[in-house]
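Good morning, and thank you for making time for this item. I should like to take you through one model, sheet by sheet and helix by helix.

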Amino acid sequence: MSIMSNAKRALAIAAASATLFSMAACGSSNAAGSKSDSSSAASSGKIEVVASINQWGSVAKDLGGSNVEVTNIMTKTNVEAHDYEPTSQDVAKFGTAKVAVVNGADYDPWATKAAQSTKATLVTAAETAGIKEGDNPHVWFSAKVRSNTADAITAAYQKADPSHKDDYAKLNKEWHAKEDQLESKIKETSAKTENLPYAATESVAWHLADDLKMTDATPKGYAQASANESEPTPADIKDFQDTLKGGSIKMLVFNSQEANSTTDQITGAAKDVNVPIVELTEQMPKQYTNLLDWMSALVDQFAAAVK
């Protein structure tokens, strides 16, 4: 699991706090802009929603349909939410939203801070399943969290817009039908992947692998270094390479969003001994507009990698 360093986390939270303070203390121009944005949303009859990352934004859109206007802060795979430093425009978007959807578990603390300082109803995905700071924060890979978060978003919509309560209930039911299909695919695939030892360059997809009943066999030293966002020692890297060569690991999960010289050594060792590699990213790739479609494609990749 890649966890943002304390320094970067503090800077991101400080940036969000400073921006909120400056917006409150300054000027009528910012205030007028916020009112204008809010008036526009109100006149359209839509709920203004802000999501910290695009994967949760896609869920928010599916559950709101034509009754919501969703803005995603992070939409690209070239930067992690751990390291993201919000702009004043990003923070301002939270200020005018009626519903804010964040990941939580200290993954996007800048977004949580910005949302908590507004009147928006806050949905924190990790909290819907009791996942806390220090736990694996990549919770969109978890079937339980996806399902719980969807219900929390629907409840927020029904509170903000009770006149369309039945519409949101219908959309929620439709979304759960698709999630059920995905979970059926996960269960079917787990018949092949159950107890399969895998290793990962980062534990980004740990929740999905857990749903697939796989066994995390990443060498301890390397895993701890990755979790602490520190550099693995040469001994850690060699241990990982030797473990791959030893044949006990049957699949390598590689986060290409965090590729570097160290991961090159690990993936190179896997290729040398024909260990299948499942390559993925942390943020939802641009070819997907829907979290469930992305998860379904990843499950297919895991299934195809099983020898």
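I shall begin with the basis of the model, then turn to the two sheets and the helix packing.

Please note that this is a predicted model, in which local features need pLDDT of at least 70 and side-chain atom pairs count only at pLDDT 80 or more, while totals for chains, interfaces and linings use all residues. Residues are numbered from 1 along each chain as its sequence is written, and side-chain values use heavy atoms, with hydrogens and water left out.

Helices (H or I, at least four residues) and strands (E, at least two) are DSSP runs, numbered from the N terminus. Two strands pair if DSSP finds at least two bridges between them. In general, the strands of a sheet pair through backbone hydrogen bonds, either parallel or antiparallel.

Let us take one sheet, with the order β2-β1-β3-β4: it is open, has four strands and shows parallel pairing. Its edges are β2 (68-74) and β4 (121-124), each of which pairs on one side only. From one strand to the next, the twist averages 20 degrees. Within this sheet, β1 (residues 47-53) and β3 (residues 99-102) run parallel and are paired over three bridges; Val 50 has Ala 100 of β3 as its bridge partner. On the sheet packs α6, which touches β1, β2, β3 and β4 and whose direction makes about 175 degrees with that of β4. Helix α3 (residues 54-64) lies across β1, β2 and β3, at about 175 degrees to β2. Angles here run from 0 to 180 degrees between N-to-C directions, and axes are lines fitted to C-alpha atoms, for helices over the stretch in contact. Contact means heavy atoms within 4.5 Å.

Next comes the sheet with the order β6-β5-β7-β8, also described as open, with four strands and parallel pairing. Here the edge strands are β6 (215-216) and β8 (277-280), each pairing on one side only. Strand β5 (residues 197-200) pairs with β6 over two bridges, in the parallel sense: Pro 197 stands opposite Thr 215, and Tyr 198 has Asp 216 as its bridge partner. On its way from β5 to β6 the chain passes through helix α8 (residues 206-211), and this β-α-β crossover is right-handed, meaning that, with the strands pointing away from the viewer, the path from the first strand over the helix to the second runs clockwise. Strand β5 is also joined by three bridges to β7 (residues 251-255), again in parallel, and Ala 200 is partnered with Val 253.

Finally, the helices. How do α6 and α7 run relative to each other, parallel or antiparallel? The axes of α6 (residues 143-160) and α7 come within 10 Å and cross at roughly 175 degrees, which makes the two helices roughly antiparallel, a term used for angles over 145 degrees, with those under 35 called roughly parallel. Their contact includes Tyr 157 of α6 and Trp 175 of α7.

Helix α7 (residues 165-193) also packs with α12 (residues 291-305), at about 10 degrees and with axes 10 Å apart; these two are therefore roughly parallel. Among the residues in this contact are Trp 175 and Leu 182 of α7 and Met 295 and Val 299 of α12.

How values were computed: Parallel < 35°, antiparallel > 145°, perpendicular 65-115°, else oblique.
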